[in-house]
Amino acid sequence: MTSTIQLPTIEILSPARCVVTFEGTRRVVSSILGSGDANTKLRKSAGGGFVTRGVSMLPHKMGGIGNVCPFASAGCVAACLNDTGLASVFSSIQTGRLVRRILWQNSREWFLGRLDADLHNATRAAERIGQRLAVRLNVFSDIPWERFGIIENHPSIQFYDYTKNPNRVGKLASNYWTTFSRSETNHADTLRLLSERKNVAVVFHNPGRGFVGNRAGLQTMPRQW
């Protein structure tokens, strides 16, 4: 999925549907928001009165169209979870992420309008079962969503994300919280943000014990760091 996409075409059928065609693939798109139950990273966040949803697109510079992870380090790119789990088995998952990436880069107005409608529908679905909606807009990306009006349009949704941008950490809106993600290149920012009582996510790994999916439970935390 790292080859450059040549001249994708987008046919807008309505505010609810469009067709993306690239390299012999034709995909009809009728939603942007994904189900939390279909993604291991999001499924772990469900419970406690919340249902989770998210937006997954190809990360960093994959697909050869723009860069949705401008603060990614080499280690972050190499260890990205985009190629793990079911996405490593079913090519349709990666195709879907690529299609959303194409729409984000080349048809943003339609993308944002469809996402806005998806969020309204997901909110109503959560309310019908007495739950609150939590949404991670950056499942594999690092887009500053506070700039696009989506957060303000949905005050009842709890939005949350992880970011490697040290300038957008913490409570960005009353319903949008971001946690800083440590990498091999941002240790100084990590210590500064911790000193400011900001949340930071730090990854630890015991070699040979697995690190994704159900095997992640075999990992242990150090006594001190």
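1. A word on terms before we start: a residue is called buried under 20% relative accessible area, exposed over 50%, and partly exposed in between, using a 1.4 Å probe and protein chains only. By that scale F148, with a relative accessible area of 27%, is partly exposed. Please keep in mind that this is a predicted model, in which local features need pLDDT of at least 70 and side-chain atom pairs count only at pLDDT 80 or more, while totals for chains, interfaces and linings use all residues. Residues are numbered from 1 along each chain as its sequence is written, and side-chain values use heavy atoms, with hydrogens and water left out.

2. Here is the overall picture. The protein has six helices and 10 strands; these elements are DSSP runs numbered from the N terminus, helices being H or I over at least four residues and strands E over at least two. Of its 225 residues, 40% count as buried. A contact here means heavy atoms within 4.5 Å. Among contacts between residues at least 6 apart in sequence, 54% join residues at least 24 apart.

3. A good place to begin looking is the open sheet of three strands, ordered β1-β2-β3 with antiparallel pairing. Two strands are taken as paired if DSSP finds at least two bridges between them. β1 (9–14) and β3 (25–29) are the edge strands; each has a single partner, so one side of each has no neighbour in the sheet. From one strand to the next, the twist averages 15°, an angle based on axes that are lines fitted to C-alpha atoms, with angles running from 0 to 180 degrees between N-to-C directions.

4. Now follow β2 into β3. Strand β2 (residues 17–22) is joined to β3 by five bridges, and the two run antiparallel. C18 stands opposite V29 in β3, and T21 has R26 as its bridge partner in β3. The hairpin of β2 and β3 has two residues between the strands, and E23 takes a positive phi near 45° there.

5. Parallel pairing turns up further along the chain. β6 pairs with strand β7 (residues 158–163) in the parallel sense over two bridges, and V135 has F159 as its bridge partner in β7. β7 also pairs with strand β9 (residues 176–181), again in the parallel sense, over five bridges. There, T163 has F180 as its bridge partner in β9.

6. The aromatic rings deserve a visit. Rings of Phe, Tyr and Trp (its six-membered ring) pair if their centres lie within 6.5 Å; planes under 30 degrees apart count as stacked, over 60 as edge-to-face and the rest as tilted. The count by this rule is seven aromatic pairs. One of them joins W104 and F111, edge-to-face at 5.3 Å centre to centre with 70° between the planes. W104 is buried, at a relative accessible area of 3%, and F111 is buried as well, at 0%.

7. W104 has another ring partner. The ring centres of W104 and F148 are 5.2 Å apart and their planes stand at 75°, so this pair is edge-to-face. The pair links distant parts of the chain, with W104 in helix α3 (residues 91–106) and F148 in the loop between β6 (132–136) and α5 (150–153), 44 residues apart. Ring pairs link W104, F111, W145 and F148 into a cluster. In addition, R108 lies over the face of W104, at 3.9 Å from the ring centre; the rule asks for NZ of Lys or CZ of Arg within 6 Å of the ring centre and within 35 degrees of the ring normal.

8. Which residues have the most contacts inside the largest nonpolar core? They are L103, F111, L115, L137, W145 and F159, in a core of 35 residues. Such a core is a set of buried Ala, Val, Leu, Ile, Met, Phe, Trp, Tyr and Cys residues joined through side-chain atoms within 4.5 Å. The elements giving two or more residues to this core are β2, α3, α4 (108–128), β6 and α5. Its largest share, seven residues, comes from α4. Leaving aside neighbours within four places in sequence, F111 is in contact with I32, V55, M57, R100, L103, W104 and W145.

9. Finally, take a look at A126 in helix α4. A126 is buried, at 3% relative accessibility. Apart from neighbours within four places in sequence, A126 is in contact with V51, Q131, R132 and L133. The C-alpha atoms of A126 and G49 are separated by 9.6 Å, although the two residues are 77 apart along the chain.
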